[in-house]
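Student: I would like a close look at a single part of this model, followed outward into the features around it. Please take it slowly and keep to what the coordinates support.

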Amino acid sequence: LLPYRHAIASGIRILHVADTLVPTMDSDGLPACVSPAVLSTLLRERMHYEGLIMAGPMDGPGVSSSRMPSELAAEIALRSGAEMLYWQGSSHQVMRVIEKLVLEVEGGRLDEAIIDRAVTRVLQVKLDMRLQDQSNPIEKDLIKFENQKDLTKEVFAVERKAITLVKNEGNVLPIPKKEAGPVGITGVVYLDELKKALEKNVKTVFAQRITSARHMGEIQDFEIERLTRNINGVPTIIVVLSDDLRLPGQKKLISAFKEKGARVVVILLGYPKNLPELDQADAILLAYCDQATYQETLKAMADVLVGRGPLRIDVGSDATFKTGQSITFNAYDVLYTPAGRLPLTLSDKYTAGSYVSSDPTLTVKKLQWDLGDGKTSKEYRFSHSYKTAGTYPVSLHVTDIRNEERKETFTITVED
């Protein structure tokens, strides 16, 4: 829940709770969007969230699998603290639900105050965000938006920033530019996109698709034998795995490549439940993406593999020094790439908030320190002293290879 705690602490106004099954949170097996344990106990009581909860889809597979009528699902979601509900299907179904809720209120079985509370909260957010005077979107405009290239760019940007490096033994990553030896990639999905993106920076890339696993959910022994037959002399193998593949085959494949002397980089797509079991790999990258975004995610992953990933600045806490004291400023101590952090604890080794950073030098395009006393520097590492006592806001402003900017500020207190 780490990203949600940060979002709530920063004052996020709307949270979407999907129809995902959450058996570790809801012992009744209800999907999150209709679960009192999630909507009321977790979000409202434990996490003190006061913004809007958008729950749904009310006709999604999670709700459908619970065999709960849509009208009952909507009522439970509202009672549990949701203010906004939505459906994927036709408006006829939605109108039936509304009619049923009206009857429940008129019959005294559903407290009208629940509806009033939801409406009041929605209207308040619209007022605060100056949305009340905007007209509803036109359906054809929405379809046009979904098909435009800008949406694909947005998906790429979001996925790129979420990628997390959790292991990098022997500094396997980044892969050296124009590496003498070839790089091999294998996996089930979108290898062509990954290969094409890598070839811009790596001299030789060859790809072998795992054809049967996509249909069987398992990497078979004959596939492992085929994939490892002719890889002698290939220094690095990138293995693209997803959370819907069974674990034993994934472990066998990594072991087989390691036995051939290759360094193995695992790209794990989706929920990283198998992460602790894949620790034999030399490097592990995570992308918490849905299957619908695999294509853009793997394009973004190519950036990270060659050291051109997004940057995160973590300057730490404020500090106190003496006048005239030499202070060392070092960008290598506060710049991290890729930018992601593990959002949940999976084992004693892989805990929430953890990450590993590769060398940020390749992805930094411009860097500037503002030292708060009129002095600036474009050096990664330098020393500086303050001549007079006072409080100085120090900023680090960085632009990466894709012209995305990051800026963080911390305070230095100087005493006599």
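In which strand is Asn168 found?

Tutor: Since this is a predicted model, what follows describes computed geometry. Asn168 is found in strand S4, which covers residues 164-168. With a relative accessible area of 11%, Asn168 is buried, because a residue counts as buried under 20%. Its side chain reaches the backbone nitrogen of Leu173 at 2.9 Å, and Leu173 also appears in the contact list of Asn168 once the neighbours within four places in sequence are left aside. That list continues with Asp282, Ala283, Val356 and Ser358, so that the surroundings of this buried asparagine are drawn from several separate stretches of the chain, as the numbering of these contacts shows.

From here one can turn to the aromatic residues. The structure holds six aromatic pairs, and one of them, formed by Phe329 and Phe382, is stacked, with 5.3 Å from centre to centre and 15° between the planes. Phe329 belongs to strand S12 (residues 327-330) and Phe382 to strand S16 (residues 381-384), so this pair ties together parts that are 53 residues apart in sequence. Both partners are buried, Phe329 at 4% relative accessibility and Phe382 with a relative accessible area of 14%. Trp369 joins Phe329 and Phe382 in one aromatic cluster. A ring also takes part in another kind of arrangement at Tyr355, where the charged end of Arg312 sits over the ring, 4.3 Å from its centre.

Trp369 leads on to the strands, for strand S14 spans residues 364-370. Six bridges join S14 to strand S17 (residues 390-400), and the two run antiparallel; within this pairing, Asp370 has Ser395 in S17 as its bridge partner. S17 is in turn joined by ten bridges to strand S18 (residues 405-415), again in an antiparallel manner, and here Leu396 has Glu408 in S18 as its bridge partner. S17 and S18 make a hairpin with four residues between the strands, in which Asn403 takes a positive phi near 65°.

For a contrast with these antiparallel pairings, consider the open sheet of three strands, whose order is S1-S2-S3 and whose pairing is parallel. Its edge strands are S1 (14-17) and S3 (84-85), each of which pairs on one side only. Strand S2 (residues 52-55) is joined to S3 by two bridges, and Met54 stands opposite Met84 in S3. Helix H2 (residues 36-46) packs on this sheet and touches S1 and S2, its direction making about 150° with that of S1.

Helix H1 (residues 2-9) belongs to the same discussion, since S1 and H2 are included in what covers its buried residues. Those buried residues are Leu2, Ala7 and Ile8. Just after H1, Gly11 takes a positive phi of about 90°.

To return to the part you asked about, Asn168 combines a buried position with a side chain that reaches the backbone nitrogen of Leu173 at 2.9 Å, and its further contacts include Asp282 and Ser358.

How values were computed: Residues numbered from 1 in each chain as written. Predicted model: local features only at pLDDT ≥ 70, side-chain atom pairs only at ≥ 80, totals over all residues. Heavy atoms only, no water. Pairing = 2+ DSSP bridges. Contact = heavy atoms within 4.5 Å. Axes fitted to C-alpha atoms, helices over the stretch in contact; angles between N-to-C directions. Phe/Tyr/Trp six-rings, centres within 6.5 Å; stacked < 30°, edge-to-face > 60°. Buried < 20%, exposed > 50% of the residue type's maximum accessible area, 1.4 Å probe, protein only. Lys NZ or Arg CZ within 6 Å of the ring centre and 35° of its normal. Polar contact = N/O pair within 3.5 Å; in protein donor to acceptor, adjacent residues only side chain to side chain.
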